[in-house]
Amino acid sequence: MNLLETLYGAKLKNSLFYDRKTKITHKKTLLLGPRKSGKTHLVIDYLQNFDSNEYLYIDFNDVRVDKSEIDYLRLKNFIAKNSIKLLVLENFDLSFEIPPVDEIIITSSNKTLHIENFERLFLYPLDFEEFIAFNKKFINVEQLFNIYSNRGSLAEIILFGEENYLAKLQRIARELFDSKIEYMIFKKFCELQSTKASLFQIYNQLKTKIKISKDLLYSVSKKLQDQEIIFFLEKYGHKKATRKIYLFDFAIKNALTYKKDFLKRFENMVFTELYKKNKNLFFSDYLDFYIPQKNEGIICSPFTPIENLKPRLEKHIEHFSSLGVGNIKIITIGNEAKFSINDIGFEQITFWDWALGD
């Protein structure tokens with residue numbers, strides 16, 4: 001029995017799955033997203049719409065799959081012979097031409113991948129609303145926020161991470177990378193969560209601890225950005241300015257270092273919520289996030305009471321006005337208020353109300 005015959009007819013089913021906001025609806029779908037975001041679970045859930053003899057599922061990251069046994073001609077003939085309706089190519093690198101088939105799903109962790117006539121569908125780790133749907137326990141939203149802020153947004157942790165979730169996050173972090181040097185570079189990015197840092201600065205810090213070249217750091221950094229494991233946020237109107245670093249999962253830093261900083265983690269939580277809805281996102285001198293198309297600013301200030309906050313905001317009104325900002329949301333934990341300074345509207349709003357309301 002050859003490899004394709006072995007893979008054909010396998011009955012794939014998720015042991016546990018909850019609905020995601022992202023849905024596969026197009027007959028030619030390119031499903032993109034960072035590793036561990038849930039792409040495989042989403043695909044296998046979609047396969048439940050088919051009989052097992054109607055699809056062929058191949059995961060090129062499966063060590064049992066010998067890539068030399070799979071090519072365009074073999075796949076084309078096998079699909080025709082077995083009247084296959086759906087072909088799934090997970091982690092496919094486009095190393096050969098895509099064979100003709102009624103439906104096809106291709107997954108990749110590289111956000112730069114484009115295939116003509118394919119719908120590009122992005123899947124990220126859980127946002128707060130999805131996290132609540134995954135958590136079936138009846139507890140209030142503040143308790144849910146505390147769990148989310150500590151355990152993070154990876155479905156694997158939420159579903160199976162009640163005990164020793166930090167160890168599970170450490171395992172996931174190791175599985176993300178092909179080499180120890182990539183893991184060490186990512187660990188350094190984690191230490192710089194929600195802070196401004198250039199690759200040159202990072203290189204100078206790393207070279208005292210590990211053997212590394214600038215070229216290697218730049219190459220790994222690009223790879224991690226292409227896979228959307230890390231993000232470099234640009235300062236509005238200053239393309240060459242030092243960028244801010246964010247992580248695809250805000251809680252993973254706590255599993256890799258004792259350097260904890262809740263304010264930085266909270267800012268990264270807000271970033272991950274924003275990024276899924278606003279790819280055209282920036283920061284400025286006095287705004288943590290700026291969304292030009294909405295003329296909206298975001299400030300992360302979880303604990304500051306309004307009487308301490310207002311004097312600071314008044315100092316920066318000229319800056320806000322120069323950006324054309326019409327309203328600013330101040331994301332908090334517990335504080336709520338609405339007020340105006342000049343013509344700019346401000347709203348203090350809890351993270352959970354903001355995340356569930358937008």
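**Exercise 1.** Find which side chain meets that of Glu-191 in a salt bridge, and describe the setting of the pair.

*Solution.* The partner is Lys-187, whose side chain meets that of Glu-191 at 3.7 Å, N to O, where a salt bridge is a side-chain nitrogen of Lys or Arg within 4 Å of a carboxyl oxygen of Asp or Glu. Next, place the pair: Glu-191 and Lys-187 are four residues apart in helix H8 (residues 180-191), and are therefore separated by about one helical turn; a helix here is a DSSP run (H or I, at least four residues), a strand likewise (E, at least two), numbered from the N terminus. Finally, consider exposure: Glu-191 is buried, with a relative accessible area of 18%, whereas Lys-187 is partly exposed at 22% (buried is under 20%, exposed over 50%, partly exposed in between, with a 1.4 Å probe and protein chains only).

The model is a predicted one, in which local features need pLDDT of at least 70 and side-chain atom pairs count only at pLDDT 80 or more, while totals for chains, interfaces and linings use all residues. Residues are numbered from 1 along each chain as its sequence is written, and side-chain values use heavy atoms, with hydrogens and water left out.

**Exercise 2.** Describe the salt bridge between Arg-171 and Glu-175, and state which residues are linked with them in a network.

*Solution.* The two side chains meet at 3.0 Å, N to O. Arg-171 and Glu-175 lie four residues apart in helix H7 (residues 165-175), which means that about one helical turn separates them. Arg-171 is partly exposed at 28% relative accessibility, and Glu-175 is partly exposed at 31%. Salt bridges link both of these residues in a network with Lys-36 and Glu-156.

**Exercise 3.** Determine whether Arg-64 is buried or exposed, and identify its salt-bridge partner.

*Solution.* Arg-64 has 69% relative accessibility and so counts as exposed. Its side chain meets that of Asp-62 in a salt bridge of 2.7 Å, N to O, and Asp-62 is partly exposed, with a relative accessible area of 22%. For the model, the count comes to 23 salt bridges.

**Exercise 4.** Examine what surrounds Arg-265, which has no salt bridge.

*Solution.* Begin with location: Arg-265 lies in helix H12 (residues 262-277). Arg-265 is buried, and the nearest side chain of opposite charge, Asp-261, is 7.9 Å away (Lys and Arg count as positive, Asp and Glu as negative; His and the chain ends are not counted). Then look for other partners: the side chain of Arg-265 reaches the backbone oxygen of Ser-149 at 2.8 Å. Leaving aside residues up to four places away in sequence, Arg-265 touches Ser-149, Asn-150, Gln-193, Phe-250, Ala-251 and Asn-254, contact being heavy atoms within 4.5 Å.

Notes: Polar contact = N/O pair within 3.5 Å; in protein donor to acceptor, adjacent residues only side chain to side chain.
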